[in-house]
Every structure is written in C-alpha cells, then in structure tokens.
Amino acid sequence: MTKPIPVILDGDPGHDDAIAWVLAKASPQLKILAVTSVCGNQTIEKTTYNTRRIMALIGLDVPVAKGDPRPLIAEPIIAPVVHGQSGLDGPPLPEPKTELSPLSAVELMAQTIADSEEPVTLIPTGPLTNVAKLLLAHPDLKPKIARISLMGGGVRMGNWTPAAEFNILVDPHAARLVFRSGIPITMAGLDVTEKALVCPEDFGRIRAVGNPVAVTVADWLEFFYQFHKTMDYPGAPIHDAVAVAALVKPEILTAREMYVDVEVSGDYCMGCTVGDWYGTSGHAPNATVLLDIRREAFVDLLVEAVKTYGEVE
Ligand code: BDR
Ligand code: CA
C-alpha cells in the first residue's frame, strides 16, 4: 500500500463537513495531521465546538485550532436555515475530548506544514479564510502544500445567490487569493456536489451498520435532507465529502482542467467562480474542476466508511 497522504481538515461543521470528516478518518489513504475551524455555517464559537464534538465522536485526537470570527473583508454570513441554530442540529453528540490548541488555526496549519516531512494536502470544506491567511502570512510554505482539495464554487451554478456558492460567497476575497496561489487545486463545486446525493432509500443502509457513528451519520442525513426536500432535491447533497472522495476514490469522479477565478464585486456575481471552460482567457488551467460522480459508488463509499467504526452484530 502506498504511503498515506498527510492532510489538514479545515471546515465549518455543518452536516456535510461532519460526514466528510467521518470519511476522511475512515480512509487509510489519508493521515490527518490537524483540524482547524472556520466561521461559515455558524459563528466561529459554534463551528469550533462542533469540530471538537465530531472529533470526540469519531475518535480523532490530533491538534485542533480555532479560526477567526470573520472573513477577510466581507461581513459574516451564516446558514441556520440549512444546518440549524447550533450549526449541527440533530442527534446528540459527545462533549469534546481534545483540548483546543493555544495556536490560531493559521499558526497550527503553518506549524503542521513546516514540521511535516512530506508536502501536506489541505481539505477546506468551508470558506477559504484560514487558507488565504496562511498563504499571506507564510508564503514560504507554499512549496510544502501539495494540493488544496476544496469544496466551493461551481462553474455552472450558484446556490446562495444565482451566481455564487455559499463557501465562496462568504469569503470571496480569500477564495480569489487561493485560486490565484499557483498551488494545485481540486475544486469540488456544485457542478459535482449537487450530484453527490444520498437519498432517503440509502439512509437505512447507513443506519443498519448500527455503530454510534453510523447511526449519527444517518441522523445527520435525515436532518440535512429536511431542508433540501423543501427545495425538491431527491436526496441530501453531501457536498463536502466530495472533496475527500476526490483524494480517496478519484476513479468515481470525472473532471476538466480549467482556469478558475473569483468575482469579488458586482451587483449580481459577487463570489461567482468563473470557469474558463473553452480556454478563451489565455490563462493556463489552475484547477481540476470536478464535474460528475458515480452516485451509487459514492453512497457505497460512505457505507464502507461508517463500517470502519465497528460492526454491530
Ligand atoms: C457548502 O455550504 C455549506 O453549507 C456546506 O457545509 C458546504 O460546505 C455548500 O454550498
Ligand atoms: Ca462546509
């Protein structure tokens, strides 16, 4: 077996962030070095508390640090309509076990990357505030970042506005810095993540695995689906888990290389990820833009992931 990829999880959990982390922890292809929180789905206090509760649930004991209370320039936007008042409403969760690092999210990322023998892959599943601040404060570490496999954007659609996806809209200036960084990017945007549906008929397969993680994931799916049902989705789009699937099961995804930049102004297109589909901009591609996923294989991947937390007779 090849050496696991060293990764840092950076997110704003959030039901789909949580499921992404369940998958990451279950995947022998990854070695999780640290976890950092960012404000997005809820305030930084809430996303940090949720981060540590998820870590307790899945038995992940690595350094964890808290991000800043606001994006680089834009005003914070939160999403209680999708994730509830706690940012992770639904089943009860264990209280945190891992102490918060005295370092900020950015400094924990920097120290982890500097200390790693091998280049580190970042998996941001929230706004890109921490990643952008890292690149601004520690440009010398760029060669030690192998890849950024992110959930954000969409070259053909938005979800929070007609043009913009939530994570990019919350901190468009950070996103622009990241896309212009020169670091290889895998973009799990809405083009693919809206197809990463876990449907009500799949929930039972996950619940039937029976261990506490599987039951919690099934409850999260039920909660997350309630919102999406009102918008006529046939299932719950587990956006953030696609950024992990891209690293552990790339064969279930299809992609196109293209140049992507982020709109940071405008009446209608703030936060839009503009993808140069036909190469007319003259820029070389800077992102592997994921476009499609084999949905059933994605569900299988999640079922196998929850099984690693213990089979129940
Ligand atoms: C993204 O927004 C958040 O609500 C989800 O956690 C996901 O990262 C989807 O647009
Ligand atoms: Ca998220």
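This talk describes the sheet, the internal spaces and one glycine of a predicted model.

Good morning. Let us begin with the sheet. The model contains an open sheet of eight strands, in the order β3-β2-β1-β4-β5-β6-β12-β9, and the pairing in that sheet is mixed. Which strands stand at the edges? They are β3 and β9, the latter covering residues 253-258. Each of these has a single partner strand, so one side of each is left without a neighbour in the sheet. As a general reminder, the strands of a sheet pair through backbone hydrogen bonds, in either the parallel or the antiparallel sense.

We can now follow the sheet from the β3 edge. Strand β3, residues 64-65, pairs with β2 in the parallel sense over two bridges. Within this pairing, T36 stands opposite A65. On to the next pair: β2 and strand β1, residues 5-11, run parallel and are joined by seven bridges. Here G11 has S37 of β2 as its bridge partner.

How are these strands connected by helices? Helix α1, residues 15-26, forms a right-handed β-α-β unit with β1 and β2. A right-handed β-α-β unit is also made by β2, helix α2 (residues 44-58) and β3. Strand β2 therefore takes part in both units.

Is strand β2 largely enclosed or open? Strand β2 spans residues 30-37, and seven of its eight residues are buried, so the rest of the structure largely encloses this strand.

At the other edge of the sheet, the pairing is of the antiparallel kind. Strand β9 is joined to strand β12, residues 287-293, by six bridges, and the two run antiparallel. In this pair, T254 has D292 of β12 opposite.

I turn next to the spaces within the model. By the rule applied here, there is one cavity of 30 Å³ or more. The largest cavity holds about 30 Å³ of space. Which residues line the largest cavity? The lining consists of I19, V22, L23, V217, L302, A305 and V306. Helices α1 and α12, the latter at 295-307, each contribute at least two residues to this lining. In character, the lining of the largest cavity has seven nonpolar residues, with no polar and no charged ones.

The largest pocket has a volume of about 270 Å³. Its lining comprises 22 residues, and those closest to the centre of the pocket are V82, N159, W160, F166 and H239. Two or more lining residues come from each of α1, α3 (80-83), α6 (166-170), α10 (212-229) and α11 (239-248). Helix α10 gives the most, with three residues. The lining of the largest pocket is made up of nine nonpolar, seven polar and six charged residues.

Finally, let us consider a single residue, G271. Where does G271 lie? This glycine is in the loop between β10 (260-262) and β11 (273-275). Is G271 buried or exposed? Its relative accessibility is 1%; since a residue under 20% is classed as buried, G271 counts as buried.

The surroundings of G271 include residues from other parts of the chain. Beyond its neighbours within four places in sequence, G271 is in contact with A164, I168, L169, P172, V262 and E263. In addition, G153 is 118 residues away from G271 along the chain, yet their C-alpha atoms are separated by 8.0 Å.

That concludes the presentation. Thank you for your attention.

Technical notes
Residues numbered from 1 in each chain as written. Chains lettered and ligands numbered in written order. Predicted model: local features only at pLDDT ≥ 70, side-chain atom pairs only at ≥ 80, totals over all residues. Heavy atoms only, no water. Helix = DSSP H or I, 4+ residues; strand = E, 2+ residues; numbered from the N terminus. Buried < 20%, exposed > 50% of the residue type's maximum accessible area, 1.4 Å probe, protein only. Contact = heavy atoms within 4.5 Å. Pairing = 2+ DSSP bridges. Right-handed = clockwise from strand over helix to strand, strands pointing away. 1 Å grid on protein atoms, 1.4 Å probe; cavity = no way out; pocket = protein on both sides within 12 Å on 5 of 7 lines; lining within 4 Å. Points joined across faces, edges and corners; volume = space filled by probe spheres on them. Nonpolar A, V, L, I, M, F, W, Y, C, P; charged D, E, K, R; others polar.
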